[in-house]
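Reader: I would like to go through this model and ask what stands behind each term. Please set the values against the definitions.

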Amino acid sequence: MSTGIPINKDHLGIGMTSRRTRDRLIGRLTAKGIRNRKVLDIIRNTPRHIFVEEALASRAYEDTALPIGLGQTISQPYIVARMTEVLLEGGPLDTVLEVGTGSGYQTAVLAALANRVYSTERIEAFIKQARARFQELRLRNIRLRHSDGGLGLPQYAPFDGILVTAAPEGIPLALVAQLAVGGRMVLPIGTRDEQALVCVTRTEEGYDKQILERVSFVPLLGGIQ
Ligand code: SAH
């Protein structure tokens with residue numbers, strides 16, 4: 001496990017991607033209620049501008065979702081911080097599954113906290129792009145899979161944590177079944193118009209569900225592309 005991404009000059013950024021710009025983002029996240037120091041430090045040290053196209057790099061440290069092409073978005077930093085914080089409240093994370101790699105930004109944040117991160121994405125172009133970014137950042141504890149993440153990755157289960165970054169309309173039971181007992185899954189649930197962030201904890205008997213706050217994610221789709 002590493003405690004952050006080894007920083008080189010390009011990753012540190014200049015001007016709109018500088019340390020001061022990043023500190024401002026951390027100030028915003030703290031003001032919005034993010035308390036976990038570890039999560040805040042990782043977000044400060046993760047070069048979000050590497051995960052968006054160059055034309056948007058100057059906006060990478062704004063607390064907003066940004067388009068990443070093919071109708072998808074990189075999640076808002078507040079949401080990344082919140083979901084990661086809730087996942088961590090369940091205890092130490094050895095193995096984590098992410099559904100919806102997209103830009104790879106949330107994956108990189110998880111890779112700084114867990115021993116191993118599996119991430120699945122249904123769009124192959126995103127997998128290729130994310131793989132190149134992780135290589136550049138020397139993140140070696142991430143395994144990417146081009147698959148329908150709604151089915152999980154049973155061959156690598158159980159997971160201490162599962163984080164889903166696209167919204168299904170109900171709890172995917174295949175994913176609950178791949179959680180270790182005591183493990184948690186953090187995910188948006190609902191339609192495009194109305195979604196809530198939910199934390200599902202696997203118990204001996206089944207699962208507990210806790211509704212956290214309103215959110216807005218792209219839908220979880222079936223099949224691969
Ligand atoms: N964590 C990403 C979020 C990208 S948006 C980021 O911050 O960049 C959500 C992603 O989920 C999209 O890339 C979309 O293609 C993917 N997705 C949607 N349904 C999926 C499924 N069933 N399996 C895997 N990925 C899926």
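Author: This is a predicted model. Its protein chain has seven helices and nine strands.

Reader: What makes the radius of gyration of the protein chain agree with a compact globule?

Author: The rule takes 2.2 Å times the number of residues to the power 0.38. With 225 residues, a compact globule would have a radius of gyration near 17 Å, and the protein chain has 16 Å, so the value agrees. Along the principal axes, the C-alpha atoms fill a box of roughly 50 × 35 × 35 Å.

Reader: Why is the pair formed by G149 and a nitrogen atom of the ligand called a polar contact?

Author: A polar contact is a pair of N or O atoms within 3.5 Å. A backbone N or O atom of G149 lies 2.7 Å from a nitrogen atom of the ligand, so the pair meets the cut-off.

Reader: What about the side chains of E98 and T165?

Author: A polar side-chain atom of E98 is 3.4 Å from a nitrogen atom of the ligand, and for an N or O atom in the side chain of T165 the distance to a ligand nitrogen is 3.3 Å. Both values are within 3.5 Å, so these pairs also count as polar contacts. The protein covers 99% of the 580 Å² of accessible area that the ligand has on its own.

Reader: Which pocket does the ligand take up?

Author: The space taken by the ligand is the largest pocket. Strand 2 (72-74) and strand 4 (116-121) are the elements that give two or more residues to the shell. Strand 2 has the largest share, three residues.

Reader: Which residues come nearest to the ligand, and how does the shell divide by type?

Author: Of the 25 residues around the ligand, S103, E121, D148, G149 and L221 come nearest. The shell divides into eight nonpolar, 13 polar and four charged residues.

Reader: Where is the cis peptide bond, and what is notable about phi of L70?

Author: The peptide bond from A157 to P158 is cis, with omega near 5°. P158 is in the loop between strand 5 (142-146) and strand 6 (159-164). L70, in the loop between strand 1 (66-69) and strand 2, has phi near 55°, a positive value in a residue other than glycine.

Notes. Residues numbered from 1 in each chain as written. Predicted model: local features only at pLDDT ≥ 70, side-chain atom pairs only at ≥ 80, totals over all residues. Heavy atoms only, no water. Near = heavy atom within 4 Å. Polar contact = N/O pair within 3.5 Å; in protein donor to acceptor, adjacent residues only side chain to side chain. Areas by Shrake-Rupley, 256 points an atom, 1.4 Å probe, with all protein chains shown as cover. 1 Å grid on protein atoms, 1.4 Å probe; cavity = no way out; pocket = protein on both sides within 12 Å on 5 of 7 lines; lining within 4 Å. Sits in = over half its atoms within 2 Å of the grid points. Helix = DSSP H or I, 4+ residues; strand = E, 2+ residues; numbered from the N terminus. Nonpolar A, V, L, I, M, F, W, Y, C, P; charged D, E, K, R; others polar.
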